[in-house]
Amino acid sequence: MSGLKEIIREKLGNDADAFLCLKSEDGAVLPVLISDVGSPDLEAVEVGEARYPLPKILAGLLAAYPDKRFAVLVRGCDERAVIELSKLEQMDLDRVVMVGLACTTEEAEACGCPRPYPNDIALGEKVEPAPGREIIAEVESLADRERMEWWREQFSRCIKCYGCRNICPMCFCKDCSLENPHLVEPGVIPPEFPSFHIIRALDMAGRCIDCGLCEEACPAGIPLRSLYRKMQEIMADKLGYRAGESLDEKSPLSFLGTEADLEKLE
Amino acid sequence: MMAETSNETSSPDGIRILAFLCNWCSYAGADLAGVSRLQYPANVLDVRVMCTGTISPYFVIKAFQEGMDGVLIAGCHIGDCHYLKGNYMTAKRFQVLREALRFLGLEEGRLRLEWVSAAEGEKYAEVIRSFTEEVRALGPSPLRERREAGAGAVKA
Amino acid sequence: MAEKELSYRLVPSTCTYCGTGCGVLLEVMGGRLAGTLPQKDHPVSKGALCIKGWSCHEFVHSPRRLTRPMVRRDGELVETDWETALKMVAEGLARTRDEHGPDAVGFFASARCTNEENYLLQKLARVVIGTNNVDHCARL
């Protein structure tokens, strides 16, 4: 990781007050904020397989330190998150410098996201995406009633840990619908089918950037990523929008509408 | 709304439909249908909203959770929205909501979006007739069945 | 306005709420606990947490925490000093043990205390009061 350490030194010298990346500590990899080239953390910088929602941490830092500039290590998904969060007014891109890291072939295959590399690649080499659609296809092969039973079974394992929401880089609402007692009854586990999960899925439409952290954080192995990936497909199909791609084009669900929107509809 | 739905309505065959009607167009259209003494099935509960653009997808989910077999959203024709572009939002949201519910296995025919103007009493009646028929053919909603059976959730 | 010094770090730790011992990363921002993230490569929890784990930091700065001993007088909780409070507790526990026997007293340890504090509590229960009635909030 010497390339990354060099880049960190360079950024701290010029562009940024602090660099958000990953380091190794006692055999584990975790996020670290380095604000000083002399810091011992710089020597410990390491990128492993473990992935963390760095854009989420970054959003918190930007809010807590309104006068500081931050550099951040981004994979393809992180960059999509930063772009989308800036359109949702959670991030001031004038104070953010992204350092791009491309995922390896193994990582891309394990992940299955549509673009396992950021726009500007500073580290690593671009590899082909290995999009994973098997679970979506399996669900689509089932008839209505069977489909519902399939999802019921999956959601029946939900322990309402809120891990999917807590770790999602795109979730930032102060008043979360999932905690609204009229929508999701408190104290009921598993949550009544399908309220918790369809609410989350609807909120992810036009927002989910397919990082997969939700599914990794789920203790019950629920195929959340596939559900939200389907929402992405719906947004792309019906409304011609993909989250995290354009710096200017906002999600059609975030503003009332133009003639152009309606032309895309049936 | 919750109190109303939990009591048995006058639904002749137990099929219950919730209709969100916008104040300026479809609600007036429904009113016209009534005044004109047009006949249509009595399975529908109307909820008047100021604009269909204010209908959060959550309301529709909640309606199905509370035991509705079908949900209808009827608003102004595109271009006629009293608030100019509220129904654009409705149209966009509806696409996503319908596909999401389909993906979870809720039959497509249970959710419908129609544009009905204040002058279209006959159209309103026709929409109610055809939608009720479609929902009736599908039978009670699978979400309603499960809730009534009291499916085993642990109350913490 | 003076520039706030940049201070953010993650401290690996273990959730105290139950016997699983999931790996957590405690977010410390500006010297205060700001949040919890799971340790993705933890051998036991493997990046997942239950709702207690996700909120294991919340009680530390909670505005609902007691800062002074309180006693109930005429049905209302009023602040008091340590001497008064400890005296009341000691007298009450001793009286209950003497009048109704040691097993009339039960002790609840807490995940929000240190191991050492919980150790002392069970010593109090077993040696001073003479009962084995020791349980823990994880069982609630």
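The legends below describe close-up views of a predicted model.

**View 1. Chain B as a whole.** Chain B is built from six helices and five strands. Along the sequence these elements follow the pattern α-β-α-β-α-β-α-β-α-α-β. Of the 156 residues in chain B, 49% are buried. Contacts between residues at least 6 apart in sequence are mostly long in sequence terms: 83% of them in chain B join residues at least 24 apart.

**View 2. Confidence along chain B, and its N-terminal stretch.** Chain B has a mean pLDDT of 88, with 85% of its residues at 70 or more. Among the elements of this chain, the lowest mean pLDDT, 46, belongs to helix H1 (residues 2-6) of chain B, and the highest, 97, to S4(B). Over residues 1-9 of chain B, pLDDT stays under 50. For this stretch the model has nine contacts beyond four places in sequence. Where pLDDT is low, the predicted coordinates should not be read in detail.

**View 3. Strands S3 and S4 of chain B and the crossover between them.** Strand S3 (residues 70-75) of chain B runs parallel to S4(B), and five bridges join the two. From S3(B) the chain passes through helix H4 (residues 86-104) of chain B before it enters S4(B), and this β-α-β crossover is right-handed. One facing pair in the two strands is B:Val71 and B:Leu111, the latter in S4(B). Strand S4 (residues 111-115) of chain B is largely enclosed by the rest of the structure, because four of its five residues are buried.

**View 4. B:Glu66, ahead of strand S3 of chain B.** B:Glu66 is found in the loop between H3 and S3 of chain B. This residue has 17 C-beta neighbours inside 10 Å and therefore counts as partly exposed; 20 or more would make a residue buried, and 12 or fewer exposed. A second glutamate, B:Glu133, is 67 residues away along the chain from B:Glu66, and the C-alpha atoms of the two are separated by 21 Å.

**View 5. The contact between chains A and B.** Two pairs of chains are in contact, and chains A and B share the most contacts. In this pair, 34 residues of chain A are in contact with 28 residues of chain B. On the side of chain A that touches chain B, two or more residues each come from helix H7 (144-155), strand S5 (188-189), helix H9 (195-204), helix H11 (224-239) and helix H12 (259-264) of chain A. H11(A) gives the most, with six residues. By class, this side of chain A has 23 nonpolar, four polar and seven charged residues.

**View 6. Helix H9 of chain A and its surroundings.** H9(A) is largely enclosed by the rest of the structure, because 10 of its 10 residues are buried. Among them are A:Phe196, A:Ile198, A:Ile199 and A:Leu202, as well as A:Arg200 and A:Asp203. The cover over the buried residues of H9(A) includes elements of two chains: H7, helix H8 (163-167) and H11 of chain A, together with helix H3 (57-65) and H4 of chain B. Just after H9(A), A:Gly206 has a positive phi of about 80 degrees.

**View 7. The three-stranded sheet of chain C.** Three strands of chain C form an open sheet in the order S1-S2-S3, with antiparallel pairing. Strand S1 (8-14) and strand S3 (32-38) of chain C are at the edges with a single partner strand each, so one side of each is left without a neighbour in the sheet. Neighbouring strands of this sheet are turned against each other by 30 degrees on average, direction ignored. Six bridges pair strand S2 (residues 23-29) of chain C with S3(C) in the antiparallel sense. C:Leu25 stands opposite C:Leu37 in S3(C).

**View 8. The contact between chains C and A.** Chain C has 21 residues in contact with 27 residues of chain A. S1, S2, S3 and helix H1 (51-54) of chain C each supply at least two residues of the side that touches chain A. S1(C) provides the largest share, four residues. By class, this side of chain C has 13 nonpolar, three polar and five charged residues. Between chain C and chain B there is no contact, and their closest C-alpha atoms lie 10 Å apart.

Note on methods
Residues are numbered from 1 along each chain as its sequence is written. Chains are lettered from A and ligands numbered from 1 in the order in which they are written. This is a predicted model: local features need pLDDT of at least 70, side-chain atom pairs count only at pLDDT 80 or more; totals for chains, interfaces and linings use all residues. Two strands pair if DSSP finds at least two bridges between them. A crossover is right-handed if, with the strands pointing away from the viewer, the path from the first strand over the helix to the second runs clockwise. Two residues are in contact if their C-beta atoms, placed from the backbone, lie within 7 Å. Ala, Val, Leu, Ile, Met, Phe, Trp, Tyr, Cys and Pro count as nonpolar, Asp, Glu, Lys and Arg as charged, and the others, Gly among them, as polar. pLDDT is the predictor's confidence in each residue, from 0 to 100. Axes are lines fitted to C-alpha atoms, for helices over the stretch in contact, and angles run from 0 to 180 degrees between N-to-C directions.
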